[in-house]
Amino acid sequence: NNMNDTTNQQIEELLNLPGTFHIKIMGFNDPELINEVSAIISVHVSNFNPEGDISVKPSSKGNYVALTATIWAESKAQLDEIYSALNKHSLVKMTL
């Protein structure tokens, strides 16, 4: 499993982890989306503050919204868990 460690370390260096990281989430324009996304991220990020750390931009037709969550990311493993949980959610269309 050494190769995996190296790869994660290299990715962490590229992403400047630990550090500030922006997660972009495209989701359905549903009032619950922000709450659900916040709940998922809060599980993995102790000091996450949805009020200040999520920005919202509706799509032109209003069917979707683009959320940007700004988090303090500790590791690639932590990011993997967050992305995995977000992508499994029915209101989330895609993540970047």
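Let's start with Thr68 and its neighbours: leaving aside residues up to four places away in sequence, Thr68 touches His22, Ile23, Lys24, Asp53, Ile54 and Ser55. Keep in mind, everyone, that this is a predicted model. Thr68 sits in strand 3. Is Thr68 buried or exposed? Its relative accessible area is 19%, and buried means under 20%, so Thr68 counts as buried.

One of those partners deserves a closer look. Ile23 is touched by Thr68, and the list for Ile23 itself, again without residues up to four places away in sequence, runs to Leu67, Thr68, Ala69, Ile71, Ile82, Tyr83, Leu86 and Leu96.

That brings us to the core. How many residues does the largest nonpolar core have? The number is 22, and the residues with the most contacts inside this core are Ile23, Ile25, Val37, Ile41 and Ile71. Where do the core residues come from? At least two are supplied by each of strand 1, helix 2 (32-44), strand 3 (64-73) and helix 4 (76-88). The top contributor is strand 3, which gives five residues.

Now please turn to Tyr83, another contact of Ile23. You'll find Tyr83 in helix 4. With a relative accessible area of 17%, Tyr83 is buried too, because the cut-off for that word is under 20%. Beyond residues up to four places away in sequence, Tyr83 touches Phe21, His22, Ile23, Thr95 and Leu96. Some of these names should sound familiar: His22 and Ile23 are also among the contacts of Thr68, and Leu96 is among those of Ile23. For a sense of distance, take Tyr83 and Glu51: they are 32 residues apart in sequence, and their C-alpha atoms are 20 Å apart in space.

Let me finish with the backbone, in the loop between helix 1 (2-14) and strand 1 (19-28), where Pro18 has its place. Which peptide bond is cis here? The bond from Leu17 to Pro18 is, with omega near -5°.

Asn16 lies in the loop between helix 1 and strand 1 as well. Although Asn16 is not a glycine, its phi is positive, at about 55°. And is Asn16 buried or exposed? Its relative accessibility is 57%, and exposed means over 50%, so Asn16 counts as exposed.

If you have the structure open, try Thr68 in strand 3, then Tyr83 in helix 4, and end on the cis bond from Leu17 to Pro18. Thanks, everyone!

Terms used:
Residues are numbered from 1 along each chain as its sequence is written. This is a predicted model: local features need pLDDT of at least 70, side-chain atom pairs count only at pLDDT 80 or more; totals for chains, interfaces and linings use all residues. Side-chain values use heavy atoms; hydrogens and water are left out. Helices (H or I, at least four residues) and strands (E, at least two) are DSSP runs, numbered from the N terminus. Buried means under 20% relative accessible area, exposed over 50%, partly exposed in between (1.4 Å probe, protein chains only). A nonpolar core is a set of buried Ala, Val, Leu, Ile, Met, Phe, Trp, Tyr and Cys residues joined through side-chain atoms within 4.5 Å. Contact means heavy atoms within 4.5 Å.
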